[in-house]
Structures are given as structure tokens and as C-alpha cells.
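Biologist: Please take one residue of this model as a starting point and look at it closely. From there, could you set out how the surrounding structure, the contact between the chains and the charged pairs are arranged?

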Amino acid sequence: MRFFFERYPLPILLISLLFAVKAIYLSFWVTPLWDIPDEIGHFAYVQDLAESRGLPLLGKAKINLEIMHHLKNDQSLSSPVNWIAQHPPIYYLIAAIPLKIGSWMTNDPEILFRLPRIISALSGALLLLVLFRTFLLVGLDVARATGISATVGFIPMVTHLSSGTSHDVSLFLFCALATYFFARYLIFRNLRDVYWCALWLTIAGGTKMMTPWALLAPMIAILFVELPGPIKNWIKNVGGVSLLTLSVPLAWMTRNIVYFGNPFYTSGTNRKTALDVPLNHSFFDYLHLQPVFEHFVVNFYGQLGGIGTGIGALKWFQVSGLPREVFSMLIFSLSCISVIYVFLLMYRALNSISTQPKGSSLISWASNLIIKNKFRKLLIVVMFLVAILFAGYINMKSFVIPSLFGGMRGLAVAMIIFAAILAVALLFFTSDPVDRIALYGMVISVFFGAILLSHVYGAYLEEGGLRAAHGRYFYPVIPIVLLSISIAVLRLRIPAFLIALVATILGYAELETYVLQAIPFYLSGSL
Amino acid sequence: MMNLKQYILPLIWMAVFVILVSIRLGDAYSSTFFHTVLESSSKNNKPSKEIVADFYMMQPLNWTLLDNEVFRHDAKSPVCLKMFLANYGDRKNNGTFALTLGVDAQKHRVVVDAKTVRDNTNHRICFEDLKFVDIAFKPVEIVLEGINSQKGAAISAWMTQDVRQGKVVYKDGTVLERSLIFSVETIRVSNDKFIHSIILSLICCLSCALVFFASTCTPINSNSKKNFIQRDNT
């Protein structure tokens, strides 16, 4: 017990506990049933497992009649096929536990339908603790680590999803654990951490179908270039880590091949698209015509609602007003901090303050080769120019809401892209493991964003409108993004008092979101 | 022994926080809330022309979409109308426009200052003296007309392609294949809103106090990176 309290000081434990209380309170008394994205489908899959009907099969699994009657308050409805994309079963298996236990105690559907929500609430609370440990790991003090961790629990969308039956927050937690061990390996160089990282990545891949791949691929690739030699050991570890990381996702893909003949089969795979002829717009036309970045950012902060309040019809709202403006200022400030931090590292690299990395990894070998080269400074200058031109072009071409806060959100995205491109070059000049983690975090986040963007661009061409611009899709990569930012905060010595002040303002913004926007919205749908 | 000094700052902050919350959200801690009884749906929305002087558009209501149970529940509640308006990217607009709810021969007209309209948000106007029973299932017209806003400094209203609520008609009789985006609301009373708000406020205040407590009460030597890395590795 003493060991536990030494690792988790009382304030963060209580903040985490309060988050769990808040999420459970919202789950059972505030957030209407089916008002979480795809909650009805997720619950039906959980129910199939809890009632021992085995692993549901997409296209055959149905949504229970009782759920449909509850949703539409109509006893004449029939049981439809579960239409939501089916994901690998790890989350569903965990969420089935409270439902199974609850079914022994009560028959009340109002309670039973809400029981799996407990898993999301607990995942959210654990997430804050894991993030706290990760921030301490890279050198943040308790005050700063507490402030930044608490901030995550003050984002309305995180709280909202923590109060529903959805895999998003559990996935967030699993990816945070993978990030923790990723950072641990880069700092302590203990091979055991690589395998722990691989284990959590495979669990993440066993929770959601697509987005974990965009984290898994770059994270594992980085671990491979960071693994030590000699070549025989390197091959052995690469093989072991690959096998472990891919085990669960590959098992799921094999199942999909057996049943559907397509490893990435989802409910949308063979669906008829809205347009008979796909649009002929370039990627930059897409960014110019559609508020892509704007929606990703705004929806990340808060897009609440679903088919519960709308009694079967989709009804949702984006958080607006002061809370959104506060969040816009925050991400703008954090992007500025990241850019200043990258400039600091660039200054050190240009002035040969960087030390040569030790070790026998591929990245050490490449770094030594570049640092000794007489054109090394040219690489940084070229990457700087590429970064500023590309990020500037993206900002100019993108649809930006013509207002102060819309401009801030647009600039924040451009600055993150700029920092990530420059980070690629700086990786070869930075031997400090903590700084390397920050740079890797920037690169991974932009890689992740690019994969997601290409996916939603494809959907746009086929559907003719903006689709799937959900900020929650970024959850797998948020732990490493937060880690990069926290390292920048550490290096720039941002005062703990300021972080606490920002965290409390965000806490207030979330309260205002619920009191002035979410609760009236939920009540507006009650009969 | 507990050092009381280190608790003073978090306690002061908590007191300030509670005062600020109660000032800003004071009105929200009530039992009344707005319940949507009828609304149009968004579909390929487009803004109208600027609502300048002489601008006029009329929108009927389709009561066939109203639930009878809702009508029975809300019959004696006051009515509000929420319109989805735009101000051209937080442009500084001026002048006024009017929103009229015409029921039979009666006109309930409210004049609105264009400055008070926020961009792409639902603007709510309440008719305190009008009960839901006075308008429900009766021929009702929503009229939006400009009074004295100038071009380049006026607001606009969003319109949807979903015309189940009826089509917009201009002053010259032109019928548009679009409908205004609006909601008819009633004012309801429920203790749920008050209780939820109070409980969430308490959780928020406690969480914020703990963040502040952590920032002021952490031992100074705890920010040594070396200490933490060593501790984490044990």
C-alpha cells in the first residue's frame, strides 16, 4: 500500500477518483441511453457476449428487441441487424463482465443497459493515473504532472465518452499504457519494456479495428530502429516484438478473411456509396472546401449527443461559446510552446551543442553518420524550409473559420505540422532520450493524422461530404502528443502555478459545457 | 505536523473559484429548462440573404410532426422559438430585425439587436405570455424581417433542404425549396437540472482545488528529474 501511495500522491488519486465519480454519475443519471456514438450497437455486442451467445458475427448479429423498444418507445418494432462497424472483442469482453454480474441481481433494463458504462468510467479514471506516471517518467514534477493529467479529465468529450458504452476511452487507456512503456524503453533501455509496449499495442489492436494501426506501425518501427545490436539479437527481438504486437489484430483479420474474405471488413465495406461517380477533387481542394481540421479540433473538444435524445433520430451538438474559445486558446498556446521547443533544439543542433548518441542501434548509427558529415547543418536548414513551406501551404489552403478563434485553431494545426517535419531532422542531432521521445511524439502524431486524413478524404470522394471528422479518432495518439507537450513544458520551465491555473479554467469550461449546454440538451429530448 | 500555510492558497483559490462559478452560472442553477417540441432538421444548409431593411421571409409550421403526449404535457408552458442564425464570422453587425410569431390573426413580434446574434448558433427568443396551447395545432407563421440593418452589417438565417416543416416564402410570393432551421420550445420545470448542476459543480470545484493543492503543496525537491527516473525504475 505504501508503495502505491509513493507512486501516486494523494491529489492525483483523488482527482482520478473524482473523475470516476463524475463519469459514473453521468452514466447513470445524466447522459441519456444511446447518446454515445454507436452506443446501441456496442451494447448489443456486449449483450451477446454477456448472454453467452458467443462472438457476434457482423451481418448476422442483431440488436435486441428490448433495446429497440427502449430507444423508440414503440412496442411494434422488430429486431434489426446490428449495423455498426464490429471491432475486435477485447473491449466487449471486459464490458460484458458488469452486465453479466448485474443480470444476476436485477432485471431492470434502465440499470442493465447502463452497467457496461462503468468500464468506460473506470478506464477514464485509470487513464489519468497512467498519464501521470508517464509524465513523471520523463522528469515532470508532481505538480505539473498532476495539472496536465487533470486537464485530460476536463475535456467534455473525454468525460462524455467515459459515461457511455463505447471502446474509445478504454482504447485511450491501452494506448497510454503502450506509450508509457515506449517512453520507459527509450529512457532505461530495458528490453522488457519493449515487450510490455508490444503487449499493450496488441491489446489496443484487439479493441478497435483501424486507428490503433496508425499508432502501432510507427511506434513499432521506432522501437526497431532503437533496438540494440548485434544483428542476431536485433533480428530475434524484432521477430518477437512483431509477433506479439500483431498477434491479436492478425487473429481478428484471419477471422474476417474466413467469414468475409477481406481482412479489414467492416459494416461499410460493401455499402453503396452516396455518389455513383466519385468526386474528382484533389486533396488540397478537399482541405479548401471542407472544414476538416476545424471539425476535428472542435469535435475533439466536444460533440455530444446521439440517437437517445433524438429518440431514434441522430441529434447532437458541438460545444460552443466560452468553453470552445478557451480550448482554442489552449491548443494555440500548446502549439506555440511546441514550436519554441523545436526551435530550441534546432539552435542546439546548429551550434553543435548536440552530443553524439551512444549505443548500437540503427538510429545511433545513422545519427553518427549525419553528425560527422560536413553538410549536417544543410539538412536542418532544408527541413526547416520544407516544414515552413508545407505547413504554411496547408494553412493557406485549408478552410478556416474567419474569426479569431477559428484562426487560432487553423494556426495550431499548421504549427504542429511544422514542428513534426522539423522534428524528423532533429532526431538525428538529439541524443537526450527525453527530447527524443518528444520528437518521436511529434512525428508519430503527424503520421497518425496523415493516415486519418487520407481515410476521411477517401470517404469524401465517395460520399460527397465531410465524413468521420471525429476528434475521438485521435485518442490512440493523444498520450504520445501529451508526452511531447509535457516535455516541451518541462524544458521551457512553464511554472506549475500556470499549469494549475489553466487546468482549473478548463475544469470550469467543462462545468459550463455541462450546465449550460449538455444538460439542457439532454432534457430537451425527454418526453 | 500539518503546515497550515500551504493550504491557504488552495483554499483562497477554491473560494474565488466558487464565487466566479456562482456569478457566471448563477442563472443556470434553476429548475427550468427548454424542451424542444417541434424542429426542422439540417440538410445541406445554406444561409439566407442578409436580413437588411425591407427583407421579409415567412415560414409555416407543420403540426403533424408534433407528438400528442408532448402537447398534453406542455399545454400550459410558455413558448420559445430558437432560430439558427449566422453573423458572417463574428462580423460587427448593427441595426435590428424582427421575429414575429403569427397565430390566427394575432401577431407576437419581438425586435432583436443584430449585435446580440452569435455566429452559427441557435438564437432563442421567448414569448413569455404565449402558452403552448395557444399555438399548437393552429396555423402559425414565423416571420423574419429586417428593420434597419445595413448591407454588410446585417445577420442571416440558415436554411435547410429538409422542407417537411414547410417552405420559406419571400415578400413577393416566391416560394423557396428550403425551410428555416428552427425549434419550437416550451419552458419546463424539473429538479433534475438543478440537482445535476449542483453535483457536477461540486465535483468540478473539488477537482480544481486538488489541482491547485498539488501545485502549491508539492515538496520543492520533488521536481528533480533524476529522483523521479530512479523512483520509477525501482
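Modeller: The residue chosen is A:Ala143, which belongs to helix α8 of chain A, residues 142-153. The model is a predicted one. A:Ala143 has a relative accessible area of 4%, and the cut-off for a buried residue is under 20%; A:Ala143 is therefore counted as buried. Sequence separation and spatial separation can be set side by side here: A:Trp104 is 39 residues from A:Ala143 along the chain, and the two C-alpha atoms lie 44 Å apart.

A second buried position in chain A is A:Ser16, with a relative accessible area of 6%. A:Ser16 is part of helix α2 of chain A, residues 10-30. With neighbours within four places in sequence set aside, A:Ser16 is in contact with A:Ala125, A:Leu126, A:Leu128 and A:Leu129. To one of these, A:Ala125, the contact is polar: the side chain of A:Ser16 comes to 2.8 Å from the backbone oxygen of A:Ala125.

Charged side chains also occur at buried positions. Side chains of opposite charge can pair when their charged atoms come close. Over all chains, the structure contains 26 salt bridges. One of them joins A:Glu39 to A:Arg117, with 2.8 Å between the closest N and O atoms. Because A:Glu39 sits in helix α3 (residues 39-50) and A:Arg117 in helix α7 (residues 117-137) of chain A, this pair ties together parts 78 residues apart in sequence. A:Glu39 is buried at a relative accessible area of 1%, and A:Arg117 is buried at 0%.

Another pair in chain A is A:Glu226 with A:Arg436, whose side chains form a salt bridge at 2.8 Å, N to O. This salt bridge links distant parts of the chain, 210 residues apart: A:Glu226 is in helix α12 (residues 211-226) and A:Arg436 in helix α20 (residues 433-463) of chain A. A:Glu226 is buried, with a relative accessible area of 2%, and A:Arg436, at 5% relative accessibility, also counts as buried.

In chain B, a salt bridge joins B:Glu185 to B:Lys82, with the closest N and O atoms 3.1 Å apart. B:Glu185 is in strand β12 (residues 182-189) and B:Lys82 in strand β4 (residues 78-86) of chain B, so parts 103 residues apart in sequence are tied together by the pair. Both residues are buried. Back in chain A, salt bridges with shared partners connect A:Arg348, A:Asp432, A:Asp435 and A:Arg491 into one network.

The fold of chain B comes next. Chain B has five helices and 12 strands, and 49% of its 234 residues count as buried. Of the contacts in chain B between residues at least 6 apart in sequence, 81% join residues at least 24 apart. Strands of a sheet pair through backbone hydrogen bonds, either parallel or antiparallel. In chain B, five strands make an open, antiparallel sheet with the order β6-β5-β8-β3-β10. Since β6 (106-113) and β10 (169-170) of chain B each have a single partner strand, they form the edges, and one side of each lacks a neighbour in the sheet. Strand β5 of chain B, residues 96-103, runs antiparallel to β6(B) and is joined to it by eight bridges. B:Phe97 has B:Val112 of β6(B) as its bridge partner, and B:Thr100 stands opposite B:Arg109 in β6(B). Two residues separate the strands of this hairpin, where B:Asp104 adopts a positive phi near 50°.

Finally, the two chains meet through 49 residues of chain B and 58 residues of chain A. Together they bury about 4500 Å², of which 71% is on carbon and sulfur atoms. The interface has three salt bridges, including one between B:Arg118 and A:Glu325 at 3.1 Å, N to O. Six residue pairs are in polar contact across the interface, with both residues at pLDDT 80 or more. On the side of chain B that touches chain A, α1 (5-25), β1 (32-39), α2 (68-74), α4 (191-217) and α5 (225-233) of chain B each supply at least two residues. The most comes from α4(B), with 19 residues. By class, this side of chain B has 24 nonpolar, 13 polar and 12 charged residues.

Technical notes
Residues numbered from 1 in each chain as written. Chains lettered and ligands numbered in written order. Predicted model: local features only at pLDDT ≥ 70, side-chain atom pairs only at ≥ 80, totals over all residues. Heavy atoms only, no water. Helix = DSSP H or I, 4+ residues; strand = E, 2+ residues; numbered from the N terminus. Buried < 20%, exposed > 50% of the residue type's maximum accessible area, 1.4 Å probe, protein only. Contact = heavy atoms within 4.5 Å. Buried area = accessible area lost by both parts, 1.4 Å probe. Salt bridge = Lys/Arg side-chain N within 4 Å of Asp/Glu carboxyl O. Polar contact = N/O pair within 3.5 Å; in protein donor to acceptor, adjacent residues only side chain to side chain. Nonpolar A, V, L, I, M, F, W, Y, C, P; charged D, E, K, R; others polar. Pairing = 2+ DSSP bridges.
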